[in-house]
Amino acid sequence: MNTDPIADYLTRVRNAISAGHRVVEIPASNLKKEITKILFDQGYILSYKFDDSSVQGTIKIALKYTKDTKEPVIKKLQRISKPGLRKYASSRELPRILNGLGIAIISTSHGVMTGKQAKKENVGGEVLCYVY
């Protein structure tokens, strides 16, 4: 049993990037699916596919690398709110990552969204992770 599935998700992606893999497979959950959609919409991953053939299902993520230098697009994935210490932020306190170059993924009462979207909708929530 995994006590922090979001940290497991981020670690699997981080390990696949450091190993140079093109695709990573992760056990699915609704929260992980929403995070994957955000990463795709923001241009951090190439594509994704939800496979619901088994009971839990899996998420297959095609990782994105630059064309010329083969560097990964995702430089860092950092878990912020942990099960032992939850981090919440109001709409005025939402963090800016690398002066707007990175994103913060926030779990709000309106769903999972980026920090910019949450600020625009004037909602706060739990700061799940930073991506840049």
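This text walks through a predicted model, beginning with a pair of helices and moving on to salt bridges, loops and two residues with their contacts.

Two helices make a convenient starting point. Helix H1 covers residues 5-19, and helix H2 covers residues 30-41. Two packed helices are described by the angle between their axes and the distance between the axes. For H1 and H2, the axes come within 10 Å and cross at roughly 40°. The two helices are therefore oblique to each other, since an angle has to be under 35 degrees to count as roughly parallel and 65 to 115 to count as roughly perpendicular. The crossing of H1 past H2 is right-handed.

Which residues meet where H1 and H2 are in contact? From H1 come Pro5, Ile6 and Tyr9. From H2 come Leu31, Lys32, Ile35, Thr36 and Leu39. Sorted by type, the residues of this contact are six nonpolar, one polar and one charged.

One residue of that contact, Leu39, can be followed further. Leu39 lies in helix H2 and has a relative accessible area of 2%. Leu39 counts as buried because that value is under 20%. With residues up to four places away in sequence left out, Leu39 touches Tyr9, Tyr44, Ile45, Ile105 and Val131. Tyr9 in this list belongs to H1 and is also part of the contact between the two helices. Ile45 falls in strand E2, which runs over 45-51. Ile105 lies within the range of strand E6 (103-108), and Val131 within that of strand E8 (125-131). Ala28, by contrast, is 11 residues from Leu39 along the chain, and the C-alpha atoms of the two are separated by 15 Å.

The next topic is charged side chains. How many salt bridges does the structure hold? There are six, and three of them are described here, one at a time. In helix H1, the side chains of Asp8 and Arg12 form a salt bridge with an N to O distance of 3.0 Å. These two residues are four residues apart, about one turn of the helix. Arg12 has a relative accessible area of 34% and is partly exposed.

Helix H2 contains a pair of this kind as well. Lys37 and Glu34 are joined by a salt bridge whose closest N and O atoms are 3.5 Å apart. Lys37 and Glu34 are three residues apart in H2, again about one turn of the helix. Both are partly exposed, Lys37 at 30% relative accessibility and Glu34 at 31%.

The salt bridge between Asp52 and Lys33 has an N to O distance of 3.6 Å. This pair links distant parts of the chain, 19 residues apart. Lys33 sits in helix H2, while Asp52 is in the loop between strand E2 (45-51) and strand E3 (58-63). Are the two partners buried or exposed? Asp52 is exposed, with a relative accessible area of 53%, whereas Lys33 is buried, at 17%.

Further along the chain, the loop between E3 and E4 holds Tyr65. Its relative accessible area is 14%, so Tyr65 counts as buried. Tyr65 and Ile17 are 48 residues apart in sequence, yet their C-alpha atoms are 9.0 Å apart in space. Leaving aside neighbours within four places in sequence, the contacts of Tyr65 include Ala16, Ile17, Gly20, His21 and Arg22. Lys70, Glu71, Pro72 and Val73 are also among them.

Other loop residues are exposed. Gly84 lies in the loop between strand E4 (77-79) and strand E5 (88-89), and its relative accessible area is 78%. Gly84 is 73 residues from Thr11 in sequence and 18 Å from it in space, C-alpha to C-alpha.

The last two residues concern the backbone. Most residues other than glycine have a negative phi, and most peptide bonds are trans. Asn99 has a positive phi, near 55°. Asn99 is located in the loop between E5 and strand E6 (103-108) and is exposed, at 67% relative accessibility. Asn122 also has a positive phi, of about 60°, although it is not a glycine. Asn122 is found in the loop between helix H3 (115-120) and strand E8 (125-131), and with a relative accessible area of 57% Asn122 is exposed.

Key:
Residues are numbered from 1 along each chain as its sequence is written. This is a predicted model: local features need pLDDT of at least 70, side-chain atom pairs count only at pLDDT 80 or more; totals for chains, interfaces and linings use all residues. Side-chain values use heavy atoms; hydrogens and water are left out. Axes are lines fitted to C-alpha atoms, for helices over the stretch in contact, and angles run from 0 to 180 degrees between N-to-C directions. Angles under 35 degrees count as roughly parallel, over 145 as roughly antiparallel, 65 to 115 as roughly perpendicular and the rest as oblique. A crossing is left-handed if the near helix is turned anticlockwise from the far one by less than a right angle, and right-handed if clockwise. Contact means heavy atoms within 4.5 Å. Ala, Val, Leu, Ile, Met, Phe, Trp, Tyr, Cys and Pro count as nonpolar, Asp, Glu, Lys and Arg as charged, and the others, Gly among them, as polar. A salt bridge is a side-chain nitrogen of Lys or Arg within 4 Å of a carboxyl oxygen of Asp or Glu. Buried means under 20% relative accessible area, exposed over 50%, partly exposed in between (1.4 Å probe, protein chains only).
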